[in-house]
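Welcome, and please open the model in your viewer. Keep a selection tool handy, and we will go from stop to stop together.

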Amino acid sequence: MSGPHRPADPTSGTPDRDGVTDLVRWAAFSCFLVPVALLWYGASFAGAAGTAFGLAAVTAACRLLLRRSERVAARPRARGRRARGGGRHAGEKAPVD
């Protein structure tokens with residue numbers, strides 16, 4: 001198909017950026033910005049450092065959980081008994097005596 005209404009080629013242009021990576025970058029920026037703002041408005045250095053440490057710990061934990069959920073979501077699902085549906089005779093007709 002050619003012309004101005006051709007669908008975009010998925011391999012052309014910039015590659016898709018990882019949303020988790022962007023999220024972690026913004027969180028890291030916040031770990032820097034929040035303590036600076038606290039210092040600017042008169043908070044103690046110890047309070048700003050504690051806040052930075054706390055934000056960094058929360059950011060690291062969230063990053064680990066997000067990566068773990070991505071790995072779990074990428075796994076193929078197991079097709080066991082529960083995946084087919086419940087019931088003793090699911091999908092078959094049992095004779096009646």
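Is Arg67 buried, partly exposed or exposed? Select Arg67 to begin: this residue counts as partly exposed because its relative accessibility is 23%, and the buried class ends under 20%. Bear in mind as you look around that the model is predicted.

**Stop 1: the salt bridge**

Now add Glu70 to the selection. The side chains of Arg67 and Glu70 meet in a salt bridge, at 3.3 Å from N to O. Both residues belong to helix α2 (residues 45-74), where they sit 3 residues apart, about one turn of the helix. An α-helix has 3.6 residues a turn, so residues three or four places apart point the same way. Glu70 is also partly exposed, since its relative accessibility is 31%. The count for the model comes to 1 salt bridge.

**Stop 2: the whole protein**

Zoom out and switch to a cartoon view. The protein has 3 helices and 0 strands, and from the N terminus on its elements run α-α-α. Colour by accessibility next: of the 97 residues, 6% are buried. Turning on the surface shows an accessible area of about 9,000 Å², with 61% of it belonging to carbon and sulfur atoms.

**Stop 3: along helix α1**

Select residues 19-40, which make up helix α1. This helix of 22 residues reaches 31 Å from its first C-alpha to its last, close to the 32 Å expected at 1.5 Å a residue. Which residues of α1 are buried? Highlight Val20, Val24, Cys31 and Pro35 to see them. Show α2 as well, as it is included in what covers these buried residues of α1.

**Stop 4: a nonpolar patch**

Next, pick Trp26, Phe29, Phe32, Leu33 and Val36. Together they form a nonpolar patch on the surface, with about 550 Å² of accessible area. Within this group, centre the view on Val36, which lies in helix α1. Val36 counts as partly exposed because its relative accessibility is 38%.

**Stop 5: from α1 to α2**

Move on to Gly42, just after α1, and check its backbone: phi is positive there, at about 100°. Then select Phe45, which is found in helix α2. Phe45 counts as exposed, because its relative accessibility is 65%. Finish by drawing a C-alpha to C-alpha distance from Phe45 back to Pro35: the two are 10 residues apart in sequence and 8.5 Å apart in space. Pro35 is one of the buried residues of α1 from the third stop.

Methods
Residues numbered from 1 in each chain as written. Predicted model: local features only at pLDDT ≥ 70, side-chain atom pairs only at ≥ 80, totals over all residues. Heavy atoms only, no water. Patch = residues over 30% accessible without salt bridge, like charges linked within 9 Å, V, L, I, M, F, W, Y side chains within 5 Å. Areas by Shrake-Rupley, 256 points an atom, 1.4 Å probe, with all protein chains shown as cover. Salt bridge = Lys/Arg side-chain N within 4 Å of Asp/Glu carboxyl O. Helix = DSSP H or I, 4+ residues; strand = E, 2+ residues; numbered from the N terminus. Buried < 20%, exposed > 50% of the residue type's maximum accessible area, 1.4 Å probe, protein only. Expected span 1.5 Å × (residues − 1). Contact = heavy atoms within 4.5 Å.
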